[in-house]
Amino acid sequence: MESLHRVETLLPGLHHHPRTKANRNRVFRSVKVFNNPRKCQCFDLHDKLVPYKKAWTWQKRIVEEKKTLIDTNQDCPDTVILLQHSPVYTMGTGSSEDYLNFDVKDAPFDVYRTERGGEVTYHGPGQLVMYPIINLRNHEMDLHWYLRTLEEVVIRVLSSAFSIKASRLDGLTGVWVGDQKVAAIGIRVSKWITYHGLALNVTTDLTPFNSIVPCGIRDRQVGSIKGLLEDGKVGDLRLIDIAHESLLKEFSEVFKLQIEKETVSDPNILLGSSDHMNTRSSSGSRTSFHLRNCGGSYSCLNFGKETDI
């Protein structure tokens with residue numbers, strides 16, 4: 001296995017969480033090595049806040065690059081991005097504004113309508129977001145399998161790293177501990193290339209979820225790893241470190257991929273476009289509502305699958 005390179009490039013729009021040397025003094029567990037595994041390039045930005053729009057643009061660029069590789073019969077390696085977002089609400093392709101407890105023109109945070117499946121959710125500091133951009137031709141060309149496998153990754157993380165027993169609920173995508181949803185999943189698949197992914201609440205401030213009906217589910221709660229742990233002896237930064245390390249480990253083992261960390265060579269890769277409508281929130285801060293709706297080659301399917309697979 002080649003040496004793993006830590007992401008050190010400072011990118012425009014990224015904010016580093018404050019850390020002490022003690023916080024950084026952690027040992028990364030080795031990722032299990034498989035016989036002749038497929039490689040998965042990993043952009044590990046777990047301790048940075050990346051604006052949602054920049055990460056969204058970055059994902060779509062990677063998807064198009066992978067499509068080109070497939071169309072020209074070249075090898076198409078898998079990619080995974082791990083990061084945190086600045087506070088933002090995102091809506092799925094067909095999600096309803098009825099699940100917003102605010103006027104979208106006077107939103108507390110940016111609101112984006114995306115092409116993923118699912119209803120509205122919140123992303124913010126303390127929540128680890130994993131974006132697998134993988135070629136399902138090399139795994140299982142089955143969206144139900146993919147969703148259940150993403151859930152399995154999180155269930156294993158909660159069990160192995162935190163001794164939290166999590167489960168699935170029939171008919172409800174995501175990962176649950178009792179009636180609390182600790183991980184949301186929303187995906188898009190284009191020509192069997194996945195993007196968007198999962199969001200795991202680690203130390204997330206759950207208050208912004210009160211302004212929406214998370215995932216369109218009114219009779220359930222949202223939870224976090226920090227809230228589920230009883231002793232409270234582990235600090236927030238350490239919880240993030242443990243969760244991020246375990247996410248990569250379990251993702252590698254469940255998908256049978258060899259994780260190879262890479263630096264971001266082009267800082268401009270995260271530069272977003274400006275195709276949204278700006279408004280002002282009551283506090284005077286700028287709010288944006290992304291107007292990308294379902295149309296063209298997109299099909300409003302439950303899993304956000306395109307018609308041109």
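**Notebook: aromatic rings around helix 2**

I began at Trp-56 and found the charged end of Lys-60 over its ring, 4.1 Å from the centre. I note that the model is a predicted one. An α-helix has 3.6 residues a turn, so residues three or four places apart point the same way.

I then looked up the second charge of this kind on my list. The charged end of Arg-220 sits over the ring of Trp-176, at 5.9 Å from the ring centre.

Next I turned to the ring pairs. I recorded 12 aromatic pairs in the structure. In one of them, Trp-56 meets Tyr-112 edge-to-face, with 6.1 Å between the centres and 75° between the planes. I asked which elements this pair ties together. Trp-56 belongs to helix 2 (residues 52-71) and Tyr-112 to strand 5 (residues 110-113), so the pair joins parts that are 56 residues apart in sequence.

Are the two partners buried or exposed? I found Trp-56 buried, at a relative accessible area of 1%. Tyr-112 is likewise buried, at 5%; the cut-off for buried is under 20%.

I also noted a cluster linked by ring pairs, made up of Tyr-89, Phe-102, Phe-109, Tyr-122 and Phe-209.

Finally I checked helix 2 itself. How far does helix 2 reach from its first C-alpha to its last? I obtained 29 Å for its 20 residues, close to the 28 Å expected at 1.5 Å a residue. Just after helix 2, I found Asn-73 with a positive phi of about 60°.

Methods:
Residues are numbered from 1 along each chain as its sequence is written. This is a predicted model: local features need pLDDT of at least 70, side-chain atom pairs count only at pLDDT 80 or more; totals for chains, interfaces and linings use all residues. Side-chain values use heavy atoms; hydrogens and water are left out. Rings of Phe, Tyr and Trp (its six-membered ring) pair if their centres lie within 6.5 Å; planes under 30 degrees apart count as stacked, over 60 as edge-to-face and the rest as tilted. Helices (H or I, at least four residues) and strands (E, at least two) are DSSP runs, numbered from the N terminus. Buried means under 20% relative accessible area, exposed over 50%, partly exposed in between (1.4 Å probe, protein chains only). A charge sits over a ring if NZ of Lys or CZ of Arg is within 6 Å of the ring centre and within 35 degrees of the ring normal. The expected span of a helix is 1.5 Å times one less than its number of residues.
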